Amino acid sequence: MPHPVTVIPRPAPVLLPVDGSDERFPVRRVYCVGRNYADHAIEMGHDPSREPPFFFQKNADNLLPADNAFPYPPLSNDVHYEVECVLALKSGGADIQAADALDCIYGYAVGIDFTRRDLQGEAKKLGRPWEVGKAFEHSAPVSPIVPASRIGHPSQARIWLEQNGSRVQDGDLNQMIWKVPEIIAELSKLFTLAPGDIIMTGTPAGVGAVSRGDRISCGIDGVAILSVEVV
């Protein structure tokens, strides 16, 4: 069946590279988990007890594929890095059981949730949404996706970030307050998940500001490494 004629050109689809393949992963939505490592919750001035998880979103076209520089965004003087494990879903649904959640995952990547911390902080004080601090252009660099069929489902692996050669974030996936199956289960209570959804699962302690000219490298041992220059 032919596509209907559109009144403006169709937006380009967001396609992420798949490691070791010429195929691409088409992105539908990008979900993010807030304060999912206890030490980062403390760092940000919050109680790290196991409260219900909360979520926010970035836009699919906020993703920045590997081998691209991160342009320092306007209207901010305090942009922070946050290294995260990234999930790419091949299936979804509503009210997914935690026992079935890993079956929804196509693969894993490492990413950075760049945050305009000053704008986010102002929004928090005013009781406003966080989008201006989180969902801006190029704010989510991400490595090529590594299929779970190759690496399995890592639940324990070092996750780290280096700024200009100095390691500033150094944690382990097993430190997540809400584990990957629980994240998918809880998120699916609020949204109907679908193939193409991306989930960023939170960051360990050590977040900090970047400046133009910084070189950021991050990784999850046994999964992926990502390097980004701030310009």
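Here is a short walk through the structure above, from the whole chain down to one residue. Please keep in mind that this is a predicted model.

Let's begin with the overall build. The secondary structure consists of five helices and 17 strands. Along the principal axes, the C-alpha atoms occupy a box of roughly 50 × 45 × 40 Å. A compact globule of 231 residues would have a radius of gyration near 17 Å, and the chain agrees with this because its own value is 17 Å.

Next, consider how the chain packs against itself. Of its 231 residues, 49% count as buried. If you take the contacts between residues at least 6 apart in sequence, 76% of them join residues at least 24 apart.

The outside can be described in a similar way. The chain exposes about 11100 Å², with carbon and sulfur atoms supplying 52% of that area. As for charge, there are 21 positive and 29 negative charges, and the mean positions of the two sets lie 3 Å apart.

Now let's zoom in on V27. You will find V27 in the loop between β2 (24-26) and β3 (30-33). Is this loop residue buried or exposed? V27 counts as buried because its relative accessibility is 13%, and the cut-off for buried is under 20%.

What does V27 touch, leaving aside residues up to four places away in sequence? Its contacts are V14, L16, A60, L63, G196 and I198. One more pair is worth finding in the viewer: V27 and N59 are 32 residues apart in sequence, while their C-alpha atoms are 9.7 Å apart in space.

Technical notes
Residues numbered from 1 in each chain as written. Predicted model: local features only at pLDDT ≥ 70, side-chain atom pairs only at ≥ 80, totals over all residues. Heavy atoms only, no water. Helix = DSSP H or I, 4+ residues; strand = E, 2+ residues; numbered from the N terminus. Rg over C-alpha atoms; globule rule 2.2 N^0.38 Å. Buried < 20%, exposed > 50% of the residue type's maximum accessible area, 1.4 Å probe, protein only. Contact = heavy atoms within 4.5 Å. Areas by Shrake-Rupley, 256 points an atom, 1.4 Å probe, with all protein chains shown as cover. Lys, Arg positive; Asp, Glu negative; His and termini not counted. Charge placed at Lys NZ, Arg CZ, Asp CG, Glu CD.
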